[in-house]
There are 2 protein chains.
Amino acid sequence: MFFSTTTNGIDAKGRVSVPADFRASVAGDTINGIYVWRSFNGPFLEGGGQRLMEELSAAIDAMDPYDDSRTAFERVIFGGARPLTFDSTGRVSLPKEFAEFASLSSKATFVGMGKRFEIWDPEAHAERHARDLEFARENKSALRRPPANGFRPGEGA
Amino acid sequence: MFFSTTTNGIDAKGRVSVPADFRASVAGDTINGIYVWRSFNGPFLEGGGQRLMEELSAAIDAMDPYDDSRTAFERVIFGGARPLTFDSTGRVSLPKEFAEFASLSSKATFVGMGKRFEIWDPEAHAERHARDLEFARENKSALRRPPANGFRPGEGA
DNA sequence: TGGGATACCATGGGATTTCATGGGAAACAA
DNA sequence: TTGTTTCCCATGAAATCCCATGGTATCCCA
């Protein structure tokens, strides 16, 4: 599982250290690294380990082989995700398109989200975090009984 | 597994580099190359490695020997697929009919689809990608619980 | 409980390898 | 022959590997 929030530097070569505890939670995967993709939900990246990709793959496999919605998901998910392998010190190098998409320049904030994690530009994250905090404060009762209609903080912003 | 999206050039001789990570995921197959066929879902090519062909073969084997759809699949899949072997630097040369079918001229976009991949003309891919992305965004919950049939990505977009 | 030693972690930079691509020569087909 | 396809080598750019360093948290023992 991915926990806590860490900000690390991005060097001139586009490399960034993945937080050590994130690395620990994907240790033992067949690839020595993580999978990263552009979020559907905003200007940040999302990532996870092998296990997460396998879960997504299984969800897709449950669909009809050539159903149009299945191929759409396959293109977006498999085509959009990239495996990034660790170097010997636990860094990955961020593809330019990914860095641009998330407006990452000199620093990256890794946010643990349980099964997956997010990678934000520190400033963008600070703003979003403030909103999330306010939302959580106003809706804390929802934690006990999740809302039926699936609303999400910050969606549609 | 095939991941990520890469665009490579097609040279005057009709050769195109297969992305290195695609090559890595078919390394060890008995043929040093990939299998490619015309999609029956649109103006693009599909491809995969040995393992995929064997799976398709097994799926067809499970059908009735003289089922009309079985023989149709056999003709389309085995008759339509061509093994393309890598040269020493990892390129394949695209048969003219394939390039024409997918409107490929100077560049080809390889899209990882998990077990298989697609090859698109970059412009055609950009259009389709935009539609797929929108679809995925609107229907991401379907990943958890597949839709009950009927709705299609991009229809009426 | 303090303080020093140790292990871990993020970071920097140089050297090396890989990768995509171009073009010539050789093998092959018509 | 003439045109086409396959093999091989060359090249520049980009990604990766490897070693070094400083800082920080942790451990251990007095």
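## Elements facing DNA strand C

In this predicted model, chains A and B both contribute to the surface near DNA strand C. In chain A, β1 (5-9), β2 (15-17) and α1 (20-26) each supply at least two residues. In chain B, β1 (5-9), β2 (15-17) and α1 (20-26) do likewise.

There are 24 residues around DNA strand C. Lys13(A), Arg15(A), Lys13(B), Arg15(B) and Arg23(B) come nearest. Sugar and phosphate make up 37% of the strand C atoms that come within 4 Å of the protein. By residue type, the surface has six nonpolar, eight polar and 10 charged residues.

## Polar contacts with strand C

Arg15(B) reaches a base: an N or O atom of its side chain is 2.8 Å from a base oxygen of DNA strand C. Two other residues meet phosphate oxygens of strand C. Arg23(A) uses a side-chain N or O atom, at 3.0 Å. Ala20(B) uses a polar backbone atom, at 3.2 Å.

## The surface near DNA strand D

DNA strand D has 13 residues around it. Arg15(A), Ser93(A), Lys13(B), Arg15(B) and Ser93(B) come nearest. Of the strand D atoms within 4 Å of the protein, sugar and phosphate account for 21%. The surface holds no nonpolar residues, six polar and seven charged.

Base atoms of strand D meet side chains from both protein chains. A polar side-chain atom of Arg15(A) lies 3.2 Å from a base nitrogen. For Arg91(A), a side-chain N or O atom is 3.5 Å from a base nitrogen. Lys13(B) has a side-chain N or O atom 3.3 Å from a base oxygen. The elements giving two or more residues here are β6 (91-93) of chain A and β6 (91-93) of chain B.

## How the two copies relate

Chain B superposes on chain A with an RMSD of 0.6 Å, after a rotation of 33 degrees and a shift of 14 Å along its axis. The copies use different surfaces: 3% of the contact residues of chain B recur in chain A.

Key:
Residues are numbered from 1 along each chain as its sequence is written. Chains are lettered from A and ligands numbered from 1 in the order in which they are written. This is a predicted model: local features need pLDDT of at least 70, side-chain atom pairs count only at pLDDT 80 or more; totals for chains, interfaces and linings use all residues. Side-chain values use heavy atoms; hydrogens and water are left out. A residue is near a molecule or strand if one of its heavy atoms lies within 4 Å of it. A polar contact is a pair of N or O atoms within 3.5 Å; within protein, one must be able to donate a hydrogen and the other to accept it, and residues adjacent in sequence count only if both atoms are side-chain atoms. Helices (H or I, at least four residues) and strands (E, at least two) are DSSP runs, numbered from the N terminus. Ala, Val, Leu, Ile, Met, Phe, Trp, Tyr, Cys and Pro count as nonpolar, Asp, Glu, Lys and Arg as charged, and the others, Gly among them, as polar. Copies are superposed by least squares on the C-alpha atoms of residues with pLDDT of at least 70 in both. Contact means heavy atoms within 4.5 Å.
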